[in-house]
Amino acid sequence: MSFIRSFDEKQTSALLSNKNTELFNLLKKDVLSGAVFPAVRKNQIYFYYEGGCLYKFSNRKFTRDKAFEKYGCENDLSPYEVAKKQVEEKFTNVAGNVKERRLLNSLYSCTFDKTQTFDTVVLDIEVNLNGNIGGGKKCDLVLYNVPSSTLMFVEGKVFSDRRVNVKRGGTPEVINQVNTYSAAIAEQHRTIIREYANHVEIINRLFGTQYPIPQKLVRRAKLLVYETPPDKTENNSYSIETITSALSADNVAFIRQNEAPSTDEIWNSLCK
């Protein structure tokens with residue numbers, strides 16, 4: 001397997017055809033408002049909403065994950081709004097993930113909402129690098145700093161996550177996770193830049209953005225930790241020190257509780 005971002009003319013024509021245009025227009029409206037995020041894959045587009053894949057466009061048609069259909073909601077909604085409510089219902093009840101998903105979701109709107117102007121946007125989410133290293137693992141975000149045409153992979157966590165905050169003497173699992181992403185980036189560095197050039201051309205064409213083609217990629221994956229408590233207990237301090245020592249201070253940003261930095265602030269914190 002390899003890292004591929006594509007969407008051929010047959011798929012594009014099918015997406016814009018009479019058969020699919022009604023649903024695509026609903027999704028596109030939510031994309032441009034920042035509620036839905038489109039992620040290009042290998043001749044597919046995943047439309048994410050509130051932490052889950054709302055629809056997938058593949059093989060010239062839209063499909064949904066059947067697992068979402070077991071989550072009930074009001075009967076007087078349109079099928080599209082029912083689909084959104086079912087995704088909300090599923091991920092509202094995933095213990096431990098709600099906070100992280102809500103904080104990360106808040107960053108997505110800057111990419112396609114033209115009323116907001118940021119130098120840094122979210123280009124991709126839930127990214128499987130599909131290489132020999134770390135296959136099957138998904139990095140949370142790819143940030144794109146437009147003025148410098150530079151990409152950056154970022155893993156997001158909340159401090160209370162057991163993969164971050166451990167007892168003294170333990171090893172936070174997130175260290176290996178981020179190092180695995182860094183190794184996967186090194187393995188496919190040139191391929192990733194080339195494929196995200198394809199990605200940008202696709203979203204520019206379908207969603208009216210005008211982003212330049214990426215030229216560079218930060219070689220190390222970064223870690224963004226939300227909700228870092230002000231009280232430095234023994235375990236808290238140990239976890240922060242261990243992660244910082246293992247990944248280096250240049251590759252980690254600890255965000256204090258109740259703070260929600262913008263994409264530009266995150267980029268500036270991590271691009272040192």
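Strand β3 (residues 52–58) and strand β4 pair in the antiparallel sense over 3 bridges. This pairing belongs to a predicted model. Within it, Phe57 has Phe62 in β4 as its bridge partner.

The two strands are part of an open sheet of 4 strands, in the order β1-β2-β3-β4, with antiparallel pairing. β1 and β4 (61–63) stand at the edges and each has a single partner strand, so one side of each is left without a neighbour in the sheet. On average, neighbouring strands of this sheet are turned by 25° against each other, direction ignored.

At the β1 edge, β1 and strand β2 (residues 45–49) pair in the antiparallel sense over 4 bridges. Phe37 stands opposite Tyr48 in β2. The hairpin of β1 and β2 has 4 residues between the strands, and Asn43 takes a positive phi near 55° in this hairpin.

Which way do the residues of strand β1 (residues 37–40) point? Phe37 and Ala39 point one way, while Pro38 and Val40 point the other way. In a regular strand the side chains alternate between the two faces of the sheet. All four named residues of β1 are buried.

Helices are also in contact with the sheet. Helix α2 (residues 18–33) lies across β1, β2, β3 and β4, and runs at about 60° to β4. Helix α6 (residues 189–207) packs on the sheet as well, touching β1 and β2, and its direction makes about 140° with that of β1.

A residue outside the sheet shows how separate parts of the chain meet. Leu15 lies in helix α1 (residues 9–15). Is Leu15 buried or exposed? Its relative accessibility is 0%, so Leu15 counts as buried, the cut-off being under 20%. Leaving aside neighbours within four places in sequence, Leu15 is in contact with Phe7, Asn20, Thr21, Phe24, Phe57, Phe62 and Leu206. Two of these contacts, Phe57 and Phe62, are the bridge partners in β3 and β4. Leu15 and Arg190 are 175 residues apart in sequence, and their C-alpha atoms are 30 Å apart in space.

Further along the chain is helix α8 (residues 263–270), where Thr263, Asp264, Ile266, Trp267 and Leu270 are buried. Why do these residues lie on the same side of α8? They cover an arc of only 160° around the axis, which puts them on the same side of the helix.

Notes:
Residues are numbered from 1 along each chain as its sequence is written. This is a predicted model: local features need pLDDT of at least 70, side-chain atom pairs count only at pLDDT 80 or more; totals for chains, interfaces and linings use all residues. Side-chain values use heavy atoms; hydrogens and water are left out. Buried means under 20% relative accessible area, exposed over 50%, partly exposed in between (1.4 Å probe, protein chains only). The arc is that of the directions from the helix axis to the C-beta atoms. Contact means heavy atoms within 4.5 Å. Two strands pair if DSSP finds at least two bridges between them. Axes are lines fitted to C-alpha atoms, for helices over the stretch in contact, and angles run from 0 to 180 degrees between N-to-C directions.
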